[in-house]
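Okay, thanks everyone, let's get going. I'll put the sequence and the structure up on the screen, and then we'll walk through it piece by piece.

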Amino acid sequence: MVQPYRHEPFTDFTVEENKKAMEEALSQVKSELGQEYPLIIGGERIYTDRKIESFNPAKKDEIVGYVSKADQELAEKAMQVADETFEWWRKSTPEMRADILFRAAAIVRRRKFEFNAWIIYEGGKPWKEADADIAEGIDFLEYYGRQMLEIAEGKEINSRTVENNRFGYIPLGVGLVVSPWNFLFAIMCGTAVSPMVTGNTVLLKPASATPVIAYKLMEVLEEAGMPAGVINYIPGSGSEIGDYLVEHPKTRFISFTGSRDVGVGIYEKAAKVQPGQKWLKRVVAEMGGKDTIIVDNDSDLELAAESIMNSAFGFQGQKCSACSRVVAHEDVYDDLLERVTELTKDITVGNTTEKNYFMGPVVDKGAFDKISGYIETGKNEGKLVLGGDGDDSKGFFLNPTIFADVDPEATIMQEEIFGPVVAFTKAKDFNEALDIANNTDYGLTGAVITNNRNHIEMAKEDFHVGNLYFNRGCTAAIVGYHPFGGFNMSGTDSKAGGPDYLYNFLQGKTYSEML
């Protein structure tokens, strides 16, 4: 009997035992840096001459690993292997597939501090954020395993006296999974195993900035009993193998998490039916957000300030759910801005492989330059209250940045920055606050801090986001508790970690037998 699902608890690093275990894991992983990692195609380890250099963004001359890079020939080899494997994997039992996920979860749980350390090095994660990332990955393994067992029971439909009818689900085929660098374990794990546990085979192309942790997951899944060829590990560039596989006639679905521009391009390419293609490809896309916290005049301002600070600057603002906009009622605007600024001044920034800082580096030079560009734009669009500077001499560090008195239509209020930058604007009443909150192309997360029940009910109806939170921040969704995914240009409305997510990788089949 499978135990009821509960989310993985978070580690308290104020406990000396946990702090020591984390420090020991960081030391262990440091001794393993700089190794070479192969592709994994059909269980075969393939080393290539061309490598992706994964580096520590807090110390850019420190190489985490040299990862073999797939070209189109190897991508095609992986496709053929996955296509052949699908022919028998689709007939495997849901119980077998779920058990692989449950065992993988147990393995990662036993090695949690080690896995934390890997993503602190590779992703620049603060300890708390790394621990939550690994916990979420464990949650995906546990939750999707249970969801598959439930789906396997089928759905009840009606039969007439002359017939026997049944309804169930079958897998789709070979899918391409393109995972992001920000939740380098959790989202990568969740998007890889969700089609796998439903009976599909997978081509996993992790983000080029963070491919080592994906290799570590592959090792765990193999240890847990996943057969060769079910998930194939093929890091490589989007332009070289990503587009090739998106357009491949044997690709049945694409699961993508990343930027809006890339996601829209995938959606467009996947829509074209290629010669020899027998289906319309499915696309599951999560493409970011421009997320707002509304603070009402009747609210707990200390709660609001803490929620904004944590949501804006947790993991350097590199979350699609991060708070990058605050819309505050004019009656509390000044006091709120002052308190958020006070809290933000206490934030520590540094190399999280050396110390448990609140903020680490942004992921790479491209991110550093892009965010810095938005900060310069912000200086012309609002009042710089705090931050606005950084240092990329050793790693890619930016200080938490606050802008005030920004027009709702300004660039930094409309475009996703994906960094530690938050902009404040004021509203004369709650209706105007909702209008401002809805004035972007995105619709991922949002939060409302208020004690007014009528305003809560109004926001439920009119604040158009996929994940709406009340009297808390707009980040930190938990698998099985807060199904996650947004509207409009935030993606295809799928809800990761929710009760209907696995259906993205299944198709319904009706069986009707005359008696």
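So, a question to start: how many residues does helix α11 have, and how far does α11 reach from its first C-alpha to its last? Before I answer, keep in mind that what you're looking at is a predicted model. Okay: α11 covers residues 333–345, which is 13 residues, and it reaches 18 Å, close to the 18 Å expected at 1.5 Å a residue.

Now look at what α11 hides. Its buried residues are Y333, L336, L337, V340, T341, L343 and T344. Why do they end up on the same side of α11? Because they cover an arc of only 165° around the axis. The general background here is that an α-helix has 3.6 residues a turn, so residues three or four places apart point the same way. Over on the other side of α11, you'll find D334 and K345 exposed. And what do the buried residues pack against? The list is β12, α10, β13, β14, β17 and β18.

That takes us to the sheet. Seven strands make it up, it's open, and the pairing is mixed. Reading across, the order goes β14-β17-β18-β13-β12-β20-β21. At the edges stand β14, residues 383–386, and β21, residues 467–470. Each of those has a single partner strand, so one side of each is left without a neighbour in the sheet. On average, neighbouring strands in this sheet are turned by 20° against each other, ignoring direction.

Let's zoom in on one pair. β13, residues 323–329, and β18, residues 421–427, pair in the parallel sense, with five bridges. If you want a spot to click on, take R325: its bridge partner in β18 is A423.

Two more helices lie across this sheet. Helix α10, residues 301–313, lies across β12, β13, β17, β18 and β20, and it runs at about 170° to β12. Helix α14, residues 430–437, lies across β12, β13, β18 and β20, running at about 145° to β18.

Okay, let's move back along the chain. Strand β11, residues 282–286, has four of its five residues buried, so β11 is largely enclosed by the rest of the structure. β11 is joined to strand β10, residues 251–257, by five bridges, and the two run parallel. Here I254 has V283 in β11 as its bridge partner. Put helix α9, residues 260–271, together with β10 and β11 and you get a right-handed β-α-β unit.

While we're on β10, let me point at one residue in that strand, T251. Is T251 buried or exposed? T251 counts as buried, because its relative accessibility is 0%. And which residues is T251 in contact with, leaving aside its neighbours within four places in sequence? Those are M79, V174, L176, L245, W279 and K281.

Next up is strand β8, residues 201–205. β8 is mostly covered, with five of its five residues buried. As general background, in a regular strand the side chains alternate between the two faces of the sheet. In β8, T201, L203 and K205 point one way while V202 and L204 point the other way, and all are buried.

β8 has parallel pairings with two strands I'd like to show you. With β7, residues 174–178, there are five bridges, and G175 stands opposite V202. Getting from β7 to β8, the chain goes through helix α6, residues 186–197, in a right-handed β-α-β crossover. With β9, residues 231–233, β8 has three bridges, and L203 stands opposite N232. β8, helix α7, residues 212–223, and β9 also make a right-handed β-α-β unit.

Last stop, another sheet. This one is open too, with three strands in the order β1-β5-β4 and mixed pairing. The edge strands are β1, residues 35–37, and β4, residues 51–56, and each pairs on one side only. Neighbouring strands here are turned by 35° against each other on average, direction ignored. β1 runs parallel to β5, residues 59–68, and three bridges join them. If you zoom in there, Q35 stands opposite G65 in β5.

That's my tour. Who wants to start the discussion?

Methods
Residues are numbered from 1 along each chain as its sequence is written. This is a predicted model: local features need pLDDT of at least 70, side-chain atom pairs count only at pLDDT 80 or more; totals for chains, interfaces and linings use all residues. Side-chain values use heavy atoms; hydrogens and water are left out. Two strands pair if DSSP finds at least two bridges between them. Axes are lines fitted to C-alpha atoms, for helices over the stretch in contact, and angles run from 0 to 180 degrees between N-to-C directions. Contact means heavy atoms within 4.5 Å. The expected span of a helix is 1.5 Å times one less than its number of residues. Buried means under 20% relative accessible area, exposed over 50%, partly exposed in between (1.4 Å probe, protein chains only). The arc is that of the directions from the helix axis to the C-beta atoms. A crossover is right-handed if, with the strands pointing away from the viewer, the path from the first strand over the helix to the second runs clockwise.
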